[in-house]
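I opened a fresh page for this one. My plan was to begin with one pair of residues and work outwards.

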Amino acid sequence: MSASTEPLTATYYRRPAFRDGVRATVEAERALFAYGSISFDAEFSPAAGALVAALCERLAAGLDADAIPELFGDFAPHAHELLRSFDRYGYLREAALAVPDALDGALFAQQVTAFAERARGRAGSAFHAALVGGAVGARELIAYVTEYYHVVAAAPAIIGASLAHAHDPRRRAILERFLRAELGHDRMLRRALLAADAAGIDDALPLPETFALVSMLHVLAAQEPLGFAACLFLFEEESAAFHRAFAAAARAAGLPEGFVAPVLEHAHVNDAGDHGSITTELLSCSGPVSAEERIVALKHVAILVESLAALERALLAPLG
Amino acid sequence: MRSAAERACVSGREAILEIEDLQNRLGEETVQREPFWRALVDDPAAVPENVFHGLCAENYHLLFRESYFDSPVLSYAGSTAARRLINEFYIEEYGHDELLLRALSSLGVTREDLFATAPLPETAALYNALAYWARYDPLFFFTTLGPLEGREVEIDSFVTAARRRGLPAAFVEPIASHARINKDGAHGLLARAIFDAIPVVAAADLARLRRLTGLFVRLYARFYAGVWRHYAAGGALVRPVTEL
């Protein structure tokens with residue numbers, strides 16, 4: 001027995017108990033223990049027989065680990081030795097299990113939605129405000145569609161990566177539907193950009209603010225399913241009011257219909273896809289989540305909202 | 001009264017103790033029935049020396065790729081405490097392939113020989129499965145650490161049998177010292193420690209862990225079956241891919 005593992009085993013169980021099916025036959029100087037096909041025996045002095053029997057009796061219902069010294073006195077080290085053997089052969093269960101502090105996935109979905117709305121309300125939309133205020137010209141409108149293009153073009157790879165984490169059919173079906181709905185949207189926005197003579201889109205790099213969003217979603221899709229689900233509202237379409245203001249600003253700036261129409265078409269396609277509920281749908285089938293998982297996911301939502309606000313500011317910033 | 005959410009989940013401790021029980025029961029039906037283990041336990045003198053060398057080589061191939069199957073869980077986001085434990089474990093575990101390399105060097109096998117050699121398909125199947133689970137199902141990956149790192153009984157039997165067989169200390173001792181490090185570092189208890197740091201396991205996740213345990217145990221048994229298949233028949237330790 002290793003000196004360093006013994007205390008760990010002894011202190012692991014708060015209230016060790018025999019698993020159902022463990023058989024203990026204690027005789028005067030010998031005991032036989034069996035569970036499934038694994039059995040072992042132990043020999044001891046006649047004086048210890050009653051203590052071994054008492055230990056086994058208590059293990060039938062569960063034995064408070066803290067009470068072992070008091071209950072077994074000098075025999076306590078031997079009791080621990082036996083417990084270690086029982087554990088080594090897989091005979092024990094924990095009879096003092098903590099009740100998990102968990103929140104149902106659907107309730108967490110409500111929490112995320114309310115949190116995201118509050119966060120977005122606080123952050124505001126500088127771009128939407130500028131659109132309505134007539135402060136957005138052709139350069140900013142083209143920049144908006146260009147950056148949006150980078151996000152939309154990355155969407156299939158992002159959603160595709162998340163599929164590998166979808167272990168249940170419901171979740172997989174939601175993500176597959178979402179992926180199908182997003183396929184080809186980059187081509188619509190590409191058409192808009194070509195109509196506005198925004199050549200070189202294929203070689204253009206996204207703004208750092210855009211890449212911050214895209215890389216975040218890639219990473220969440222690849223390794224944090226809960227955070228990913230919580231952040232999918234990014235793909236939700238802007239409001240109808242936003243698109244009316246967008247179309248009006250584009251026409252006022254003299255941009256062609258070929259620029260405006262694909263953007264509106266894309267918005268319409270997204271509305272039909274009812275993306276608004278995807279976060280709720282996905283979180284609802286995630287099962288109960290722990291307090292720590294909830295905080296981690298909400299932090300991603302907060303970062304996403306702040307990153308979006310940073311992107312909007314970058315779109316409106318004068319060319320540097 | 002427990003809420004609906006609480007009823008739809010268990011604590012990490014409850015989950016891992018249930019999975020351990022399943023691993024033990026399925027292990028008895030599979031891993032421990034493999035001719036390799038039967039021979040090693042029942043009649044170690046009859047186990048060909050090449051099998052001892054082969055298991056060491058395949059274990060080397062596995063540990064050489066430790067980063068394949070540990071790296072994705074180093075960023076596990078579900079629990080900070082669990083993430084710290086797995087990172088500490090990785091720091092301890094890193095470079096353990098070198099211990100086995102020392103054992104294999106005593107047979108005249110070099111690092112370059114092993115690099116040029118493709119592991120057995122059964123070995124590759126095991127590390128690829130682990131790497132897949134680490135990346136896409138970290139919760140399940142954590143359950144496999146018990147059998148993989150807590151192989152006290154198995155490695156003890158291997159070392160005992162190798163010594164009884166009279167294999168040279170230069171080969172046996174590095175393997176024994178690797179086993180000792182794992183034991184002293186309580187690596188066998190790592191899965192329990194990690195699950196104690198995961199307060200909530202959803203019932204649906206636990207059901208998946210149960211199902212996948214059957215697959216993992218079979219892949220693990222196949223690893224030993226592969227060693228027996230190839231090395232008991234006198235298969236070479238070094239099989240450079242360039243010569244295939």
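**A pair, its sheet, then the chain**

I looked up A:Thr25 first and found A:Leu32, in strand 3 of chain A, standing opposite. I noted that the model is a predicted one.

Next I checked how the strands are joined. Strand 2 and strand 3 (residues 30-35) of chain A run antiparallel, and four bridges link them.

Then I turned to helix 2 of chain A, residues 46-61. Helix 2 packs on the sheet and touches strand 2 and strand 3 of chain A. I read off its direction too: about 160 degrees to that of strand 2 of chain A.

I then followed the whole sheet. It is open, has three strands in the order 2-3-4 (chain A), and pairs them antiparallel. Which strands are at the edges? I found strand 2 (23-26) and strand 4 (38-43) of chain A, each pairing on one side only. I also looked up the turn between neighbouring strands of this sheet: 10 degrees on average, direction ignored.

Last, I stepped back to the chain. I counted 15 helices and seven strands in chain A. Its radius of gyration is 31 Å, whereas the globule rule gives 20 Å for 320 residues, so chain A is more spread out than a compact globule. The box filled by its C-alpha atoms, taken along the principal axes, is roughly 100 × 35 × 30 Å.

I looked up burial as well: 37% of the 320 residues of chain A count as buried. My final entry concerns contacts in chain A between residues at least 6 apart in sequence. Of these, 80% join residues at least 24 apart.

Methods. Residues numbered from 1 in each chain as written. Chains lettered and ligands numbered in written order. Predicted model: local features only at pLDDT ≥ 70, side-chain atom pairs only at ≥ 80, totals over all residues. Pairing = 2+ DSSP bridges. Helix = DSSP H or I, 4+ residues; strand = E, 2+ residues; numbered from the N terminus. Axes fitted to C-alpha atoms, helices over the stretch in contact; angles between N-to-C directions. Contact = placed C-beta atoms within 7 Å. Rg over C-alpha atoms; globule rule 2.2 N^0.38 Å. Buried ≥ 20, exposed ≤ 12 C-beta atoms within 10 Å, placed from the backbone.
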